[in-house]
Amino acid sequence: MEDDDLMVPIRYNDGSFENPFPRFDFPGGGKMCRYFRDRFSSNAPTPTRDEYDRNLPVIKPQLSKLQNPPEGKLQYMWIGHATVLYQFDGWNVLSDPIWGERCSPISFIGPKRYRPPPLTIDELPDIDAVVISHNHYDHLCISSVTALNSRFGDQLQWFVPEGLGSWMSARGCRRVTELSWWESASPDDLRGMKRDKLDIVCTPAQHWSLRSGFDRNKSLWSSWIFKTEKHSVWFSGDTGYCPAFKVIGKKYGPFDLSAIAIGAYCPRYMMAAQHINPEEAFQIHKDLQSKLSIGIHWGTFPMGSLEPYMEPKEIIERLQQEDGGQFPFITVSHGAIHTQD
Ligand code: ZN
Ligand code: ZN
């Protein structure tokens, strides 16, 4: 698809959305049966706690560094799954916050995290804006929304894709901005810090939404850009590979940092339409002209996908080595604080 104007979500009369991309083909019943058969017959042993600690160490961040980020730089920390803290030019932004034990509608059933968050919500620095990519349970965690609201109250500004605003308001979020693809808005400078303007742009993703079982695709899904004059960041949310990324790169690239999903991609017959694999993540890193990318959406929750849990990191390392380019794609540890010019 060459025409940028076609990259808007399809809207149906019943209020639901659909991807406009020609490759999107959601798996039907036959593939679902095959998937459950493959999942049932996969017999990978569950790693021990020691093995997880060795492979995926969770680092306790130095809180003073988060309270006083270096001036003129971009500081970031992977908290886990798609939750990342981005600090630049006086702004503190959080993506898809999940602190919950499980990503599920029921507190005691569903995927249970195998890596704890490196800090609590109370230990976060002052957050200005939170972006939500879509309403799946591993990206929109009700207990985290509630805890963030009780900690930050009116100071917190939420940016969500079209159709998700009423859900957020009903959960006590008072400043909610709903955007569709290519729309942008700026959080108010509520902390009175006289900062450069921050633009938050809602950008496409190839995915879907479902929360209650009866609301399939009734709210939109997206990726996000946050940028000032000095720094720009892109956050993938959940997505399959689609032509939108080259367009995002052309319109808004290059990016100083991109947080790109690299996990939950196997088997491909089931996942390809909705989740990129590490090879596609690497292609997006190129499409965006990203100066630095970090892998997210892996190493935190068992997502029901069949790839070995360390494989995303191994593939990214191999691709980076083969590419040898000057713009790295890396994985980082939970809680490790990184800075970038
Ligand atoms: Zn999702
Ligand atoms: Zn996800």
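**Pairs, rings and zinc: why the names fit**

Modeller: Let's start with M77, which stands opposite L85 in β4.

Biologist: What makes β3 and β4 count as paired strands?

Modeller: Strands are DSSP runs of E, at least two residues long, while helices are runs of H or I with at least four, all numbered from the N terminus. Two strands pair if DSSP finds at least two bridges between them. Six bridges join β3 (residues 74–80) to β4 (residues 83–88), so they pass, and they run antiparallel.

Biologist: What should I know about the model itself?

Modeller: This is a predicted model, where local features need pLDDT of at least 70 and side-chain atom pairs 80 or more, while totals for chains, interfaces and linings use all residues. Residues count from 1 along each chain as written, chains are lettered from A and ligands numbered from 1 in written order, and side-chain values use heavy atoms, with hydrogens and water left out.

Biologist: What makes H134, H136, H207 and D238 donors of the zinc ion (ligand 1)?

Modeller: Donors are N, O and S atoms within 2.8 Å of the metal (3.2 Å for Na, K and Ca), and sites may look incomplete as water is not among the atoms. Those four lie 2.0 to 2.3 Å from the zinc ion (ligand 1), so they qualify. D238 also coordinates the zinc ion (ligand 2), 3.8 Å from ligand 1.

Biologist: Why is the site of ligand 1 called irregular?

Modeller: Four donors are tetrahedral if all angles lie between 85 and 135 degrees; four are square planar and six octahedral if opposite donors are over 155 degrees apart and all others between 65 and 115; anything else is irregular. The angles here run from 91 to 168 degrees, so tetrahedral is out, and the site is classed as irregular.

Biologist: Why is H134 called buried?

Modeller: Buried means under 20% relative accessible area, exposed over 50%, partly exposed in between (1.4 Å probe, protein chains only). H134 has 0%, so buried it is.

Biologist: Why are F21 and W181 called stacked?

Modeller: Rings of Phe, Tyr and Trp (its six-membered ring) pair if their centres lie within 6.5 Å; planes under 30 degrees apart are stacked, over 60 edge-to-face and the rest tilted. F21 and W181 have 5.8 Å and 15 degrees, so they are stacked. The pair ties together parts that are 160 residues apart in sequence.

Biologist: What is the Y52 and Y309 pair called?

Modeller: Edge-to-face, because 5.0 Å makes them a pair and 75 degrees is over 60.
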